[in-house]
Amino acid sequence: MQTHHTMRSFDDELKYLVDQIAAMGGYAERMVAEAMEALIQSDAGLARKVVADDVFLDEKEREIGERAVIIIGRRQPVAGDLREIVGAIRISSDLERIGDLGKNIAKRVVAVTESKQPVRLFRGLDALAGLALTQLKEVLDVYASRSIERIGFVRDRDEEIDAMYTSLFRELLTYMMEDPRNITPCTHLLFCAKNIERIGDHATNIAETVHHIVTGMQLPLERPKEDKSHRIIAGPGAS
Amino acid sequence: MEFWGALLPDGADWHMKTNNGKSGSKAPEVLQPSGPDQRGGGSLRERLQNRLAGFFPPDRQEDDLPVATKGPVSIDTLPAVSLAAAVPDPLYIFDRNAEILFANEAANRAFGPISSGTSLRLKFRAPEMHELIADAIASDGSSRAINYSERVPVERAYRVSASSIGDGTELFVLLFKDQSEARRIDRMRADFIANASHELRTPLASVSGFIETLRGPARDDPVARENFLQIMHNQTQRMARLIDDLLSLSRLEMKPYLKPSGRVDLVQLLDGVVESMRHLAGESGVTIEKAFPSTPIFVAGNHDELVQVFENLMENACKYGGAGGRILVSAEQAGPLEEVRATVRDFGPGIPEEHIPRVTERFYRVDVETSRAQKGTGLGLSIVKHILTRHDARLSIRSKVGKGAAFTVHFPPLPPGAASRPA
């Protein structure tokens with residue numbers, strides 16, 4: 001296995017960083033998926049595992065940060081290599097945040113599933129998580145393959161996630177109004193939905209970083225962000 | 001104020017890209033973008049052949065590779081790479097640094113094409129895959145197998161083994177055995193039972209309640225009896241419809257990856273569906289207007305499944321948009337290589353914006369009361385979405401409250417030449 005003992009060339013060092021990002025990505029994807037599974041299946045054991053897994057991401061982020069600083073100091077990289085290293089730092093912190101959000105969902109499992117909840121509460125959330133996970137996987141695949149022509153899709157999907165989040169928000173509010181006993185689980189589920197929506201945002205951040213690593217240019221800022229949760233009608237929609 | 005919900009089936013766009021391109025057509029010469037990764041020269045195949053020149057151990061392959069490669073041809077006369085390419089299951093050959101040297105066609109088809117020198121750890125990020133790869137490299141020879149599953153774009157499950165090719169080659173093989181089918185059947189069964197038991201409970205409770213009443217207080221009341229029997233009849237019919245829909249959804253979920261191979265004239269198909277819907281339209285007081293060309297428009301697809309798509313869309317238009325009095329069914333293709341669009345538009349109350357992203361979700365109803373009254377099962381659009389995913393097509397929904405809703409199906413164009421071929 002690669003450790004710092006076997007690391008000889010600059011290339012190896014870069015490759016090591018990228019491999020660590022891959023490992024972090026794998027953990028982050030897994031944590032989010034398992035947190036959702038734990039929530040839907042009321043599996044407190046799985047939820048505890050997710051919470052424990054977060055330590056890995058925290059450690060890796062720190063390691064990548066330290067190693068990146070050492071490489072920059074020792075090798076004085078420029079242009080593409082420098083972007084690669086700075087990008088690794090950024091992506092690792094996004095992935096670490098995704099892990100935190102996954103952990104937060106897992107922590108709510110016990111509170112939500114204390115009493116038996118009807119399936120319908122979870123359906124929308126499950127679909128939302130499916131979208132976010134697809135987006136995260138696509139982004140990490142783009143990082144792996146460097147095929148940035150696929151980045152456009154990532155942003156489209158982010159809009160889809162936002163629209164779905166808004167809709168889910170309203171649905172959960174309805175359940176709370178129907179029956180005050182729903183307020184506790186639904187509030188937790190609202191936070192879970194918000195977490196998932198944030199995961200989508202971090203995935204979009206990663207996409208922007210990857211674009212910068214590969215091309216050296218920033219993605220054009222084309223997304224006016226607005227919180228539509230409290231509004232019933234959106235402004236003129238995109239075509 | 002128009003809202004546009006582009007409802008891509010999960011991961012479908014990713015898929016369209018690879019499928020419409022040329023993936024699977026002539027692997028293993030994988031695309032080679034000029035990225036920072038690219039070091040050394042030559043295709044993956046050349047690089048691997050150079051590495052392998054001279055020492056591919058003939059006796060080990062018998063164990064490592066599936067039966068397809070054994071045969072009358074002596075293994076010695078075949079280049080090692082051709083052997084790997086002939087393996088029907090996804091297979092990667094990688095080196096000590098976990099750099100992929102070779103991916104066979106099955107691998108490119110299953111996991112998308114990769115560029116030369118990509119790290120296997122980047123391609124497969126799951127923690128247990130990293131462990132497996134590390135173990136294979138560290139142990140040098142012995143092999144181990146793990147279960148690996150991917151959830152997106154569709155759920156797939158594999159048994160993955162990593163082993164060394166051995167004898168000083170410093171090369172390793174990662175082999176995937178697809179077990180999705182078995183997994184999917186299991187899940188389908190579980191999902192079906194969960195959904196059926198949940199959704200059937202309400203009508204069943206109502207039927208059993210009426211039976212109790214008929215046996216007790218209403219025993220000698222002919223008017224009430226007739227009334228109750230009618231309600232029970234409606235409820236049992238609803239259960240039957242639910243079961244039908246659940247079954248057809250489950251059947252579709254069984255095979256999301258098999259793309260239909262047929263060729264269908266969309267104009268003729270729409271015409272047929274419109275005719276068959278006349279009756280229902282008449283009942284709802286709706287006229288169906290046709291706006292499609294007289295010349296055929298061909299798309300790749302399965303005739304019966306597409307009929308189901310447009311039946312569901314038109315049925316919805318009659319049921320929920322019937323207040324508008326008319327439905328407009330149109331089909332168009334701007335040019336021979338442009339996407340084909342088929343739209344079912346109603347002029348009813350429309351769908352509120354917040355519901356649009358979710359209407360294809362299972363059992364999601366914009367308005368439960370209307371849906372029940374119209375004998376909806378909450379599954380119609382889920383079925384549409386599933387069928388379209390299989391067709392590499394997507395559904396977009398446009399609606400404005402008070403003005404109606406338009407459901408448009410976007411089909412990818414047929415590849416050049418295919419359209420002119422006789423059916």
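Here is a short conversation about chains A and B of this predicted model.

Residues count from 1 along each chain as its sequence is written, and chains are lettered from A in the order in which they are written. Because the model is predicted, local features need pLDDT of at least 70 and side-chain atom pairs count only at pLDDT 80 or more, while totals for chains, interfaces and linings use all residues.

Student: How many helices does chain A have?

Tutor: Happy to start there! Helices here are DSSP runs of H or I with at least four residues, and strands are E runs of at least two, numbered from the N terminus. Along the sequence, chain A reads α-α-α-α-α-α. With zero strands, the count of helices in chain A is six.

Student: Which element gives the most to the largest nonpolar core?

Tutor: Such a core joins buried Ala, Val, Leu, Ile, Met, Phe, Trp, Tyr and Cys residues through C-beta atoms within 7 Å; buried means 20 or more other C-beta atoms within 10 Å of the residue's own, with C-beta atoms placed from the backbone. This core has 66 residues, and A:Val32 and A:Leu128 are among those with the most contacts inside it. Giving 15 residues, the top contributor is α1(A).

Student: Nice! Over in chain B, which residue is the bridge partner of B:Ile397 in β13(B)?

Tutor: Strands pair if DSSP finds at least two bridges between them. Strands β12(B) (residues 394-400) and β13(B) (residues 404-411) pair in the antiparallel sense over seven bridges. In β13(B), the partner of B:Ile397 is B:Phe407.

Notes: Buried ≥ 20, exposed ≤ 12 C-beta atoms within 10 Å, placed from the backbone.
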